[in-house]
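Subject: Structure for you to look at

Hello,

Here is the structure you will be working with. Please open it and keep it beside this message while you read.

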Amino acid sequence: AIFLSLLVVAPVYAQQRQGGAPPTGKNIVMIVGDENGTVIPGTSISDVFIKNHLELDMGHKVTRVTHDTAADRMLAFANAADMVIIVESVGSGAVGTKIVSTPTPVLTSEAFLQDEFGLVNPKGKPLDPGLPDAGAFGAIENQIALTITNPGHPLAAGLKGRVPVYRFPREMNWGKETTPGAEVIATLTDYPTAKVIYMVRKGAKLFDGTPAPGLRIQFFIENDNETGTANLMTPDG
């Protein structure tokens, strides 16, 4: 539903600018972390679930790249891929600005890379976790549903209004002080100024006014290492 639409539509946007047909069986780089030092990178329940979903259910090829990979090597992986997914198990400091220049579409679920990618005000206050009233971007606890604000957008997956996306309360990532170039698809239900799914097209303005080198999508999903998160989503999620 929502997650599936993101994984399908993002490579389509990239293909459309080349005038091609919708892609299948793409090469996806998945940048993974160690969930704050508690697991071998990429082996948390949520990360394994996402990799299996991409490969077994959708027919893509996934290459896992650890968040501590050298900048030049990570960028080379990203540039050669059809799509990059940054999962929330990464450490934002470990990834930093290593691939912000890639023209490859990037879908990121790490709240604290929004500033590095120019998606939010880099001078804004980050909250880990916290309520959007008090900061510019971050994570919020105990969420079940989000609100689709742009139901006609392809990334809304045909859904509208309040949509339960987790089967159990979990954290969501959000950005409030986002670039004017962002297309907002969904917000927190109780905080309509906090965006939880939004995208910036290639060439649209980032927060500092420069054009985005490629499609960028920010996605709400967190990673609870003990029980997982992606594996606990609803069918709509």
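Below are some notes on strand pairing, one loop residue and the nonpolar cores.

This is a predicted model, in which local features need pLDDT of at least 70 and side-chain atom pairs count only at pLDDT 80 or more, while totals for chains, interfaces and linings use all residues. Residues are numbered from 1 along each chain as its sequence is written, and side-chain values use heavy atoms, without hydrogens and water.

Strands (E, at least two residues) and helices (H or I, at least four) are DSSP runs, numbered from the N terminus. Two strands pair if DSSP finds at least two bridges between them. Strand S10 (residues 183-188) pairs with strand S7 (residues 145-148) in the antiparallel sense, over three bridges; in one of them, Thr147 is the partner of Thr187 in S10. S10 also runs antiparallel to strand S11 (residues 195-200), with four bridges, and the two form a hairpin with six residues between them.

Thr179 sits in the loop between strand S9 (170-175) and S10. Thr179 has a relative accessible area of 2%, and buried means under 20% (1.4 Å probe, protein chains only).

The largest nonpolar core (buried Ala, Val, Leu, Ile, Met, Phe, Trp, Tyr and Cys residues joined through side-chain atoms within 4.5 Å) has 38 residues. Leu146, Met172, Leu188, Val196, Ile197 and Phe220 touch the most other members. S7, S9, S10 and S11 are among the elements that each supply at least two residues of this core. Apart from it lies another core, of 26 residues, including Val29 and Val200.

Regards

Note on methods:
Buried < 20%, exposed > 50% of the residue type's maximum accessible area, 1.4 Å probe, protein only.
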